[in-house]
Amino acid sequence: MTTLRFRWLVLIGLLAGLAGWLTNLLATRNGYGTPTLPLTSLVTTALIIAITLVFGLRVLRWRNGNRDRALDPILAMRTLVLAQACAYAGALNLGWHAGIFVDQLALLSVRSASGPLWGSVALMAGGIVMTVVGLVVESFCRLPPDDDGTGAPGYSEGEYA
């Protein structure tokens, strides 16, 4: 499995930001509501972050030498996939709500309600945390270059646990 590319995360965030800005522009100018997630989605985001961290810490403990039990390779792979999905979803969430934030910021002088503006800021913060946790847990799943996972000395290029 390949490592997350920071460029891809930025590209996804920028494209989602453009799509969010354009969608919000069209929606609000035609009388529809702001296309943001509700603030209760932060609970779901926090739950996903917590699950990703718990699984990531299990892999990290095993990687750092607590090898009294064998690490299930399927669990390690699922943790890696979950971490990468978390980072991609966080970049998408961050970009979408950043685009909405930019459009709402332009409307601030005309509108008295600033709820969608602050909601976008909260959801952007959730996207940032989600992306960072995904990147950190992905690094937890990487074996050191001289460790092949069996505890025996050897050389490898640092594949995933």
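**Reading pockets and a buried polar residue**

Mentor: In this predicted model, the residues that line the largest pocket are R58, R61, W62, N66, D68, R69, A70, L71, D72 and L75.

Trainee: How is empty space in a structure found, and how much space lies in the largest pocket?

Mentor: Rolling a probe the size of a water molecule over the atoms shows where empty space is left. Here, the largest pocket holds about 230 Å³ of space.

Trainee: Which helix gives the largest share of the lining of the largest pocket, and how do the lining residues divide by class?

Mentor: Helix α2, residues 41-63, supplies that largest share with three residues. The lining comprises five charged, four nonpolar and one polar residue.

Trainee: Which residues line the second largest pocket?

Mentor: Its lining is formed by F6, L9, V10, G13, L14, A91, L94, T131 and L135. Two or more of the lining residues come from each of α1 (6-29), α3 (73-106) and α4 (115-140), and α1 gives the most, five residues. The space in the second largest pocket is about 170 Å³.

Trainee: What classes of residue make up the lining of the second largest pocket?

Mentor: Seven are nonpolar and two are polar, with no charged residues.

Trainee: Turning to a single residue, is N93 buried or exposed?

Mentor: N93 counts as buried because its relative accessibility is 11%, and the cut-off for buried is under 20%. N93 is placed in helix α3.

Trainee: What surrounds the N93 side chain, and which residue shares a polar contact with N93?

Mentor: The side chains of N93 and H97 are joined by a polar contact of 2.7 Å. Leaving aside residues up to four places away in sequence, N93 touches L37, L123 and G127.

Methods. Residues numbered from 1 in each chain as written. Predicted model: local features only at pLDDT ≥ 70, side-chain atom pairs only at ≥ 80, totals over all residues. Heavy atoms only, no water. 1 Å grid on protein atoms, 1.4 Å probe; cavity = no way out; pocket = protein on both sides within 12 Å on 5 of 7 lines; lining within 4 Å. Points joined across faces, edges and corners; volume = space filled by probe spheres on them. Helix = DSSP H or I, 4+ residues; strand = E, 2+ residues; numbered from the N terminus. Nonpolar A, V, L, I, M, F, W, Y, C, P; charged D, E, K, R; others polar. Buried < 20%, exposed > 50% of the residue type's maximum accessible area, 1.4 Å probe, protein only. Polar contact = N/O pair within 3.5 Å; in protein donor to acceptor, adjacent residues only side chain to side chain. Contact = heavy atoms within 4.5 Å.
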